[in-house]
Amino acid sequence: LTLVAELRAALQDGQLHVHVQPQARLATGEVRGVEALVRWPHPERGFIPPDEFIPVAERSGLVGPLTTFVLNASLAACAAWRAAGHDLGVAVNLSARSLQNADLVDEVTRLLRRHGVPADRLTLEVTESSIMADAARAVALLHRLRDLGVRLSVDDFGTGYSSLSYLKRLPVQEVKIDRSFVISLREGGEDVAIVRAIIDLGRHLGLEVVAEGVEDQVTADLLAGMGCDIIQGWHLGRPMPTGELQPWLATHA
Ligand code: G
Ligand code: G
Ligand code: NA
Ligand code: MN
(Lines give C-alpha, C1' and ligand atoms only; values in the text may rest on other atoms or scores of the structure.)
(Ligands and ions follow the chains in the order given, each with its own letter.)
Protein backbone atom coordinates (compact mmCIF):
# COMPACT_ATOMS: atom_id res chain seq x y z
CA LEU A 1 0.00 0.00 0.00
CA THR A 2 1.23 3.50 -0.75
CA LEU A 3 1.39 6.14 1.98
CA VAL A 4 -1.47 7.98 0.25
CA ALA A 5 -3.72 4.90 0.38
CA GLU A 6 -2.75 4.27 3.98
CA LEU A 7 -3.44 7.87 4.94
CA ARG A 8 -6.83 7.76 3.25
CA ALA A 9 -7.66 4.58 5.17
CA ALA A 10 -6.32 6.05 8.41
CA LEU A 11 -8.63 9.06 8.04
CA GLN A 12 -11.59 6.79 7.37
CA ASP A 13 -10.81 4.35 10.21
CA GLY A 14 -10.18 7.01 12.83
CA GLN A 15 -6.47 6.18 13.17
CA LEU A 16 -5.45 9.83 13.42
CA HIS A 17 -5.49 11.69 16.71
CA VAL A 18 -5.06 15.24 17.87
CA HIS A 19 -2.58 16.08 20.60
CA VAL A 20 -2.60 19.46 22.31
CA GLN A 21 0.23 21.57 23.67
CA PRO A 22 -0.54 24.27 26.26
CA GLN A 23 0.20 27.98 25.89
CA ALA A 24 0.48 30.31 28.90
CA ARG A 25 0.61 34.05 29.48
CA LEU A 26 4.00 35.08 30.81
CA ALA A 27 2.59 37.93 32.93
CA THR A 28 0.10 35.83 34.90
CA GLY A 29 0.93 32.18 34.22
CA GLU A 30 -2.65 31.70 33.05
CA VAL A 31 -3.07 28.90 30.49
CA ARG A 32 -4.88 30.66 27.71
CA GLY A 33 -5.21 27.78 25.27
CA VAL A 34 -3.55 24.99 23.32
CA GLU A 35 -2.17 24.26 19.87
CA ALA A 36 -3.59 21.16 18.20
CA LEU A 37 -0.99 18.89 16.58
CA VAL A 38 -2.10 15.93 14.50
CA ARG A 39 -0.66 12.48 15.28
CA TRP A 40 -0.67 9.29 13.24
CA PRO A 41 0.22 6.21 15.27
CA HIS A 42 0.71 3.77 12.40
CA PRO A 43 -0.03 0.17 13.44
CA GLU A 44 3.23 -1.15 11.90
CA ARG A 45 5.50 1.84 11.42
CA GLY A 46 4.91 3.62 14.73
CA PHE A 47 4.28 7.36 14.83
CA ILE A 48 4.65 8.93 11.39
CA PRO A 49 5.56 12.61 11.89
CA PRO A 50 3.20 15.24 10.39
CA ASP A 51 6.17 16.67 8.48
CA GLU A 52 6.09 13.41 6.50
CA PHE A 53 2.38 12.87 5.90
CA ILE A 54 1.08 16.43 5.55
CA PRO A 55 3.02 16.94 2.29
CA VAL A 56 1.54 13.64 1.11
CA ALA A 57 -1.95 14.88 2.00
CA GLU A 58 -1.23 18.13 0.15
CA ARG A 59 -0.31 16.29 -3.03
CA SER A 60 -3.17 13.81 -2.98
CA GLY A 61 -6.26 15.88 -2.19
CA LEU A 62 -6.46 14.60 1.39
CA VAL A 63 -5.74 17.93 3.03
CA GLY A 64 -9.44 18.89 3.06
CA PRO A 65 -10.52 15.78 5.01
CA LEU A 66 -7.43 16.06 7.25
CA THR A 67 -8.14 19.71 8.12
CA THR A 68 -11.81 18.90 8.77
CA PHE A 69 -10.77 16.05 11.05
CA VAL A 70 -8.35 18.23 13.06
CA LEU A 71 -10.81 21.14 13.32
CA ASN A 72 -13.61 18.82 14.43
CA ALA A 73 -11.51 17.03 17.05
CA SER A 74 -10.03 20.30 18.33
CA LEU A 75 -13.39 22.07 18.66
CA ALA A 76 -14.97 19.00 20.30
CA ALA A 77 -12.19 19.02 22.90
CA CYS A 78 -12.48 22.78 23.33
CA ALA A 79 -16.24 22.48 23.93
CA ALA A 80 -15.64 19.77 26.56
CA TRP A 81 -13.06 21.92 28.42
CA ARG A 82 -15.42 24.89 28.34
CA ALA A 83 -18.25 22.76 29.73
CA ALA A 84 -15.89 21.79 32.57
CA GLY A 85 -15.24 25.47 33.34
CA HIS A 86 -11.96 25.98 31.45
CA ASP A 87 -12.31 28.86 29.02
CA LEU A 88 -9.46 27.83 26.72
CA GLY A 89 -8.82 28.65 23.09
CA VAL A 90 -7.54 26.17 20.52
CA ALA A 91 -5.13 26.84 17.64
CA VAL A 92 -5.24 24.72 14.47
CA ASN A 93 -2.55 24.70 11.75
CA LEU A 94 -3.61 25.34 8.17
CA SER A 95 -1.49 24.09 5.29
CA ALA A 96 -0.91 25.95 2.03
CA ARG A 97 -3.57 23.96 0.21
CA SER A 98 -6.27 24.74 2.78
CA LEU A 99 -5.54 28.41 2.25
CA GLN A 100 -6.51 28.04 -1.40
CA ASN A 101 -9.84 26.38 -0.64
CA ALA A 102 -12.75 28.83 -0.26
CA ASP A 103 -14.93 26.00 1.17
CA LEU A 104 -12.90 26.32 4.36
CA VAL A 105 -15.02 29.32 5.42
CA ASP A 106 -18.25 27.29 5.37
CA GLU A 107 -16.50 24.37 7.00
CA VAL A 108 -15.23 26.48 9.91
CA THR A 109 -18.66 28.12 10.30
CA ARG A 110 -20.35 24.71 10.39
CA LEU A 111 -17.93 23.22 12.91
CA LEU A 112 -18.00 26.22 15.27
CA ARG A 113 -21.79 26.00 15.27
CA ARG A 114 -21.82 22.22 15.73
CA HIS A 115 -19.66 22.42 18.84
CA GLY A 116 -21.02 25.72 20.16
CA VAL A 117 -17.55 27.24 20.44
CA PRO A 118 -17.35 31.06 20.10
CA ALA A 119 -15.38 32.02 16.97
CA ASP A 120 -12.77 33.98 18.92
CA ARG A 121 -11.74 30.82 20.80
CA LEU A 122 -10.45 29.34 17.54
CA THR A 123 -7.08 30.50 16.20
CA LEU A 124 -5.94 29.43 12.74
CA GLU A 125 -2.14 29.30 12.29
CA VAL A 126 -0.71 30.02 8.85
CA THR A 127 2.90 30.31 7.76
CA GLU A 128 4.24 33.11 5.59
CA SER A 129 5.34 30.61 2.94
CA SER A 130 1.88 29.01 2.75
CA ILE A 131 0.37 32.46 2.21
CA MET A 132 2.93 33.27 -0.50
CA ALA A 133 2.03 30.13 -2.48
CA ASP A 134 -0.88 32.19 -3.89
CA ALA A 135 -0.94 35.38 -1.88
CA ALA A 136 -3.98 37.05 -3.46
CA ARG A 137 -6.22 34.05 -2.83
CA ALA A 138 -4.81 33.35 0.60
CA VAL A 139 -5.23 36.95 1.78
CA ALA A 140 -8.83 37.03 0.49
CA LEU A 141 -9.58 33.80 2.37
CA LEU A 142 -7.94 35.12 5.56
CA HIS A 143 -10.20 38.18 5.43
CA ARG A 144 -13.29 35.96 5.13
CA LEU A 145 -12.13 33.83 8.06
CA ARG A 146 -11.43 36.95 10.08
CA ASP A 147 -14.95 38.20 9.30
CA LEU A 148 -16.27 35.11 11.09
CA GLY A 149 -14.49 36.31 14.23
CA VAL A 150 -11.82 33.62 14.14
CA ARG A 151 -8.32 34.65 15.34
CA LEU A 152 -5.42 34.38 12.89
CA SER A 153 -1.77 33.76 13.73
CA VAL A 154 1.40 33.85 11.62
CA ASP A 155 3.33 30.69 12.50
CA ASP A 156 7.11 30.23 12.22
CA PHE A 157 7.48 34.00 12.01
CA GLY A 158 10.90 35.19 10.90
CA THR A 159 11.67 32.23 8.65
CA GLY A 160 9.72 33.35 5.55
CA TYR A 161 10.12 36.17 3.05
CA SER A 162 8.67 39.68 3.08
CA SER A 163 7.65 39.50 6.72
CA LEU A 164 7.27 43.17 7.34
CA SER A 165 5.22 44.60 4.50
CA TYR A 166 2.92 41.58 4.57
CA LEU A 167 2.33 41.63 8.28
CA LYS A 168 0.81 45.09 8.03
CA ARG A 169 -1.68 43.96 5.38
CA LEU A 170 -2.69 40.64 6.87
CA PRO A 171 -5.78 40.55 9.11
CA VAL A 172 -3.87 38.69 11.85
CA GLN A 173 -3.95 39.12 15.64
CA GLU A 174 -0.85 37.13 16.58
CA VAL A 175 2.67 36.18 15.55
CA LYS A 176 4.54 33.07 16.69
CA ILE A 177 8.30 33.46 16.87
CA ASP A 178 9.82 30.44 15.16
CA ARG A 179 11.38 28.03 17.61
CA SER A 180 14.73 28.07 15.79
CA PHE A 181 15.25 31.60 17.23
CA VAL A 182 13.93 30.71 20.69
CA ILE A 183 15.93 27.52 21.26
CA SER A 184 19.32 29.27 21.41
CA LEU A 185 18.13 32.45 23.12
CA ARG A 186 19.87 31.63 26.40
CA GLU A 187 23.23 31.36 24.64
CA GLY A 188 23.07 35.03 23.67
CA GLY A 189 24.18 35.88 20.15
CA GLU A 190 22.21 37.11 17.19
CA ASP A 191 18.98 35.32 18.01
CA VAL A 192 18.55 37.69 20.96
CA ALA A 193 18.38 40.65 18.58
CA ILE A 194 16.01 38.81 16.23
CA VAL A 195 13.62 37.79 19.00
CA ARG A 196 13.67 41.29 20.49
CA ALA A 197 12.92 42.82 17.09
CA ILE A 198 9.97 40.47 16.47
CA ILE A 199 8.50 41.19 19.92
CA ASP A 200 8.84 44.96 19.43
CA LEU A 201 7.35 44.76 15.95
CA GLY A 202 4.40 42.69 17.19
CA ARG A 203 3.73 45.05 20.08
CA HIS A 204 3.84 48.14 17.87
CA LEU A 205 1.41 46.52 15.42
CA GLY A 206 -0.92 45.57 18.29
CA LEU A 207 -0.38 41.82 17.85
CA GLU A 208 -0.03 39.17 20.54
CA VAL A 209 3.41 37.58 20.45
CA VAL A 210 3.81 33.86 21.17
CA ALA A 211 7.24 32.24 21.57
CA GLU A 212 7.30 28.54 20.66
CA GLY A 213 9.98 26.03 21.60
CA VAL A 214 10.52 27.38 25.12
CA GLU A 215 12.42 24.56 26.81
CA ASP A 216 13.54 26.07 30.15
CA GLN A 217 12.91 28.71 32.81
CA VAL A 218 15.93 30.81 31.77
CA THR A 219 14.44 31.24 28.29
CA ALA A 220 10.98 32.00 29.72
CA ASP A 221 12.51 34.71 31.97
CA LEU A 222 14.43 36.23 29.05
CA LEU A 223 11.24 36.36 26.97
CA ALA A 224 9.28 37.91 29.84
CA GLY A 225 11.97 40.59 30.13
CA MET A 226 11.63 41.37 26.43
CA GLY A 227 7.86 41.80 26.72
CA CYS A 228 6.75 38.57 25.05
CA ASP A 229 3.08 37.79 25.81
CA ILE A 230 2.74 34.01 25.62
CA ILE A 231 4.97 30.93 25.74
CA GLN A 232 4.58 27.42 24.38
CA GLY A 233 7.11 24.62 24.69
CA TRP A 234 8.38 21.66 26.67
CA HIS A 235 9.10 23.88 29.69
CA LEU A 236 5.36 24.44 30.10
CA GLY A 237 4.11 21.15 28.69
CA ARG A 238 4.63 18.62 25.93
CA PRO A 239 1.97 17.85 23.34
CA MET A 240 -0.47 15.39 25.01
CA PRO A 241 -3.66 13.53 24.15
CA THR A 242 -6.74 15.77 24.52
CA GLY A 243 -7.99 13.66 27.43
CA GLU A 244 -4.85 14.41 29.45
CA LEU A 245 -5.25 18.17 29.40
CA GLN A 246 -7.68 18.47 32.32
CA PRO A 247 -5.52 16.35 34.67
CA TRP A 248 -2.51 18.40 33.50
CA LEU A 249 -4.36 21.67 34.28
CA ALA A 250 -5.16 20.36 37.76
CA THR A 251 -1.50 19.63 38.60
CA HIS A 252 -0.15 22.67 36.77
CA ALA A 253 -1.87 25.35 38.88
O1 G B 1 4.73 18.21 16.81
P2 G B 1 5.11 18.39 15.49
O3 G B 1 6.03 17.31 15.05
O4 G B 1 3.66 17.88 15.38
O5 G B 1 4.68 19.18 14.24
C6 G B 1 5.41 19.12 13.07
C7 G B 1 4.86 20.04 12.03
O8 G B 1 3.59 19.58 11.57
C9 G B 1 4.65 21.47 12.51
O10 G B 1 5.16 22.33 11.52
C11 G B 1 3.17 21.62 12.59
O12 G B 1 2.77 22.94 12.26
C13 G B 1 2.68 20.63 11.54
N14 G B 1 1.35 20.18 11.93
C15 G B 1 1.00 19.54 13.06
N16 G B 1 -0.33 19.29 13.08
C17 G B 1 -0.82 19.82 11.92
C18 G B 1 -2.14 19.88 11.35
O19 G B 1 -3.14 19.46 11.93
N20 G B 1 -2.24 20.48 10.13
C21 G B 1 -1.17 21.00 9.47
N22 G B 1 -1.38 21.54 8.28
N23 G B 1 0.06 20.97 9.98
C24 G B 1 0.25 20.38 11.19
O1 G C 1 5.72 24.35 13.14
P2 G C 1 4.83 24.39 14.31
O3 G C 1 5.12 25.56 15.13
O4 G C 1 3.37 24.30 14.04
O5 G C 1 5.11 23.09 15.14
C6 G C 1 5.39 23.02 16.45
C7 G C 1 6.42 21.92 16.55
O8 G C 1 7.32 22.19 17.63
C9 G C 1 5.86 20.57 16.82
O10 G C 1 6.65 19.65 16.10
C11 G C 1 6.08 20.40 18.31
O12 G C 1 6.11 19.05 18.72
C13 G C 1 7.42 21.06 18.47
N14 G C 1 7.73 21.57 19.81
C15 G C 1 6.85 22.02 20.72
N16 G C 1 7.49 22.46 21.83
C17 G C 1 8.81 22.28 21.61
C18 G C 1 9.99 22.55 22.38
O19 G C 1 9.95 23.08 23.49
N20 G C 1 11.18 22.24 21.81
C21 G C 1 11.26 21.68 20.57
N22 G C 1 12.48 21.38 20.11
N23 G C 1 10.18 21.42 19.82
C24 G C 1 8.97 21.71 20.32
NA1 NA D 1 1.86 25.78 14.39
MN1 MN E 1 5.68 27.12 14.34
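A residue counts as exposed if 12 or fewer other C-beta atoms lie within 10 Å of its own, and as buried if 20 or more do. With that in hand, here are some exercises on this predicted model.

**Exercise 1. Work out which residues lie on each side of helix 9, and what the buried ones pack against.**

Step 1. Begin with the length: helix 9 covers residues 190-204, and its 15 residues should span 21 Å at 1.5 Å a residue. The end C-alpha atoms are 21 Å apart, which agrees.

Step 2. Pick out the buried residues of helix 9, which are Val195, Ile198, Ile199 and Gly202. These residues cover an arc of only 95 degrees around the axis, so they sit on the same side of helix 9.

Step 3. Turn to the face away from that buried side, where Glu190, Ala193 and His204 are exposed.

Step 4. Find the packing partners: the buried residues of helix 9 pack against strand 6 (151-157), strand 7 (174-177), helix 8, strand 8 and helix 10.

Step 5. Look just past the end of helix 9, where glycine 206 takes a positive phi of about 75 degrees.

**Exercise 2. Repeat the analysis for helix 10, residues 217-226.**

Step 1. Buried here are Thr219, Ala220, Leu222 and Leu223. Seen down the axis of helix 10, they fall within an arc of 160 degrees, so they line one face of the helix.

Step 2. Gln217, Val218, Asp221 and Gly225 are exposed on the other side of helix 10.

Step 3. For the buried residues of helix 10, the packing partners are helix 8 (179-183), strand 8 (208-211) and strand 9.

Step 4. Glycine 227, just after helix 10, has a positive phi of about 90 degrees.

**Exercise 3. Decide whether histidine 235 is buried, exposed or partly exposed, and list its contacts.**

Step 1. Locate histidine 235 in the loop between strand 9 (230-232) and strand 10 (240-241).

Step 2. Count its C-beta neighbours inside 10 Å: there are 16, so histidine 235 is partly exposed.

Step 3. Set aside neighbours within four places in sequence, and histidine 235 is in contact with Val214, Glu215, Asp216, Gln217 and Ala220. Among these, Ala220 is one of the buried residues of helix 10, while Gln217 is one of the exposed ones.

Step 4. As a check on distance, histidine 235 and valine 34 are 201 residues apart in sequence, with 14 Å between their C-alpha atoms.

**Exercise 4. Describe the shells around ligand 1 and ligand 2.**

Step 1. The residues around ligand 1 are Leu37, Val38, Pro49, Pro50, Asp51, Ile54, Val70, Asn93, Leu94, Ser95 and Pro239. The elements giving two or more residues to this shell are strand 2 (31-42) and helix 2 (50-60), and helix 2 gives the most, with 3 residues.

Step 2. Sort the ligand 1 shell by type: 8 nonpolar, 2 polar and 1 charged.

Step 3. For ligand 2 there are 13 residues around it, of which Glu212, Gly213, Glu215, Gly233 and Trp234 come nearest. That shell divides into 4 nonpolar, 4 polar and 5 charged.

**Exercise 5. Find the residues with the most contacts inside the largest nonpolar core, then follow one of them outwards.**

Step 1. The core has 66 residues, and those with the most contacts inside it are Val90, Val92, Ile177 and Ile231. Its largest share, 9 residues, comes from helix 3 (residues 63-83).

Step 2. Follow valine 92: beyond four places in sequence, it is in contact with Ala36, Val70, Leu71, Ser74, Leu122, Leu124 and Glu125. One of these, Val70, is also among the residues around ligand 1.

**Exercise 6. Explain what makes aspartate 156 worth a second look.**

Step 1. Most residues other than glycine have a negative phi. Aspartate 156 is not a glycine, yet its phi is positive, at about 55 degrees.

Step 2. Place aspartate 156 in strand 6, and count 20 other C-beta atoms within 10 Å, so it is buried.

**Exercise 7. Compare the settings of leucine 245 and valine 56.**

Step 1. Leucine 245 belongs to helix 11 (residues 245-252), and its 24 C-beta neighbours inside 10 Å make it buried. Not counting residues up to four places away in sequence, leucine 245 touches Val20, Val34, Trp81 and Met240.

Step 2. Valine 56 lies in helix 2 and, with 17 C-beta neighbours inside 10 Å, is partly exposed. Its contacts, leaving aside neighbours within four places in sequence, are Leu3, Val4 and Leu7.

How values were computed:
Residues numbered from 1 in each chain as written. Chains lettered and ligands numbered in written order. Predicted model: local features only at pLDDT ≥ 70, side-chain atom pairs only at ≥ 80, totals over all residues. Near = placed C-beta within 6 Å. Helix = DSSP H or I, 4+ residues; strand = E, 2+ residues; numbered from the N terminus. Nonpolar A, V, L, I, M, F, W, Y, C, P; charged D, E, K, R; others polar. Contact = placed C-beta atoms within 7 Å. Arc of directions from axis to C-beta. Core = buried A, V, L, I, M, F, W, Y, C linked by C-beta atoms within 7 Å. Expected span 1.5 Å × (residues − 1).
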